[in-house]
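User: Please take a close look at the salt bridges in this model. I would like to know where they sit and what surrounds them.

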Amino acid sequence: FSLRNQLRKQLPENRVRFVASVCNLERQTFRNNTIMESIKHATQAVGEKVQEVTSGASKEANKEVAKDSDNSVGTRANAAAHAVGDKMDEVSHGAKKEAHKEAI
């Protein structure tokens with residue numbers, strides 16, 4: 001309100017109303033942008049969680065293939081390598097999920 005009082009001393013009443021309206025519009029726009037950013041981060045956090053869980057499931061499946069002595073050495077080595085990659089993806093998606101959650 002002090003800004004409005006200062007403007008009243010310097011500007012005609014219709015300009016004070018205009019400036020006040022612009023300030024209110026800017027505040028509302030900021031709130032809307034903040035809400036949209038929060039929704040965006042929440043959506044991205046959910047997506048990262050899905051990818052994290054998917055990578056974890058793939059890792060576990062590859063670990064089982066790597067442990068199975070009925071599989072060839074090449075198949076087991078390939079599955080073990082994929083399990084390592086899946087673990088890296090799982091950790092990466094978990095970190096991204098947390099970053100999006102913090103941004104909300």
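Analyst: Start with the chain as a whole. Of its 104 residues, 19% count as buried. This is a predicted model, so confidence comes up before the details. The mean pLDDT of the chain is 88. A value of 70 or more is reached by 86% of the residues. Among the elements, helix H3 has the highest mean pLDDT, at 97. Helix H1, residues 2-10, has the lowest, at 66.

The layout is quickly told. The chain has three helices and zero strands. Read from the N terminus, the order is α-α-α. Helix H2 covers residues 13-67. Helix H3 covers residues 73-103. Contacts across the sequence matter for your request. Take the contacts in the chain with a separation of 6 or more: 60% of them join residues 24 or more positions apart. The accessible surface comes to about 7700 Å². Carbon and sulfur atoms hold 58% of that surface.

Now the salt bridges. The count is 10. One of them pairs lysine 97 with glutamate 52. Their closest N and O atoms are 3.2 Å apart. Lysine 97 belongs to helix H3 and glutamate 52 to helix H2, so this pair ties together parts that lie 45 residues apart in sequence. Are these two side chains buried or exposed? Lysine 97 has 13% relative accessibility, so it counts as buried. Glutamate 52 has 15%, so it counts as buried too. The cut-off for buried is under 20% relative accessible area.

A further bridge joins glutamate 90 to lysine 59. The N to O distance is 3.2 Å. This pair also links distant parts of the chain, with glutamate 90 in helix H3 and lysine 59 in helix H2. The two residues are 31 positions apart. Both glutamate 90 and lysine 59 are buried.

Back to lysine 97. Lysine 97 also bridges to glutamate 98, with the closest N and O atoms 3.7 Å apart. Glutamate 98 has a relative accessibility of 34%, so it counts as partly exposed. These contacts are part of a wider set. Lys49, Glu52, Lys97, Glu98 and Lys101 are linked in a network of salt bridges.

Lysine 101 deserves its own look. This network member lies in helix H3. Its relative accessibility is 42%, which means it counts as partly exposed. Lysine 101 and valine 46 are 55 residues apart in sequence. In space, their C-alpha atoms are 9.2 Å apart.

Next to lysine 101 in sequence comes histidine 100, also in helix H3. Histidine 100 is buried, because its relative accessible area is 16%. What does the side chain of histidine 100 meet in a polar contact? The partner is the side chain of glutamine 44, at 3.3 Å. Leave aside residues up to four places away in sequence, and histidine 100 touches His41, Gln44, Ala45 and Glu48.

Move to another part of helix H3. Alanine 77 is found there. Its relative accessible area is 46%, so alanine 77 is partly exposed. Alanine 77 and valine 65 are 12 residues apart in sequence. Their C-alpha atoms are 9.2 Å apart in space.

For contrast, consider a nonpolar spot. Ile35, Met36 and Ile39 form a nonpolar patch on the surface. Together they have about 300 Å² of accessible area. Isoleucine 35 lies in helix H2. With 47% relative accessibility, isoleucine 35 falls in the partly exposed class because exposed requires over 50%.

To sum up the part you asked about: helices H2 and H3 are tied by the pair of lysine 97 and glutamate 52. Glutamate 90 and lysine 59 again link helix H3 with helix H2. The four side chains of these pairs include buried lysine 97, buried glutamate 52, and the buried residues glutamate 90 and lysine 59. Glutamate 98 and lysine 101, both in the network, count as partly exposed.

How values were computed: Residues numbered from 1 in each chain as written. Predicted model: local features only at pLDDT ≥ 70, side-chain atom pairs only at ≥ 80, totals over all residues. Heavy atoms only, no water. Patch = residues over 30% accessible without salt bridge, like charges linked within 9 Å, V, L, I, M, F, W, Y side chains within 5 Å. Areas by Shrake-Rupley, 256 points an atom, 1.4 Å probe, with all protein chains shown as cover. Salt bridge = Lys/Arg side-chain N within 4 Å of Asp/Glu carboxyl O. Helix = DSSP H or I, 4+ residues; strand = E, 2+ residues; numbered from the N terminus. Buried < 20%, exposed > 50% of the residue type's maximum accessible area, 1.4 Å probe, protein only. Contact = heavy atoms within 4.5 Å. Polar contact = N/O pair within 3.5 Å; in protein donor to acceptor, adjacent residues only side chain to side chain. pLDDT = per-residue confidence, 0-100.
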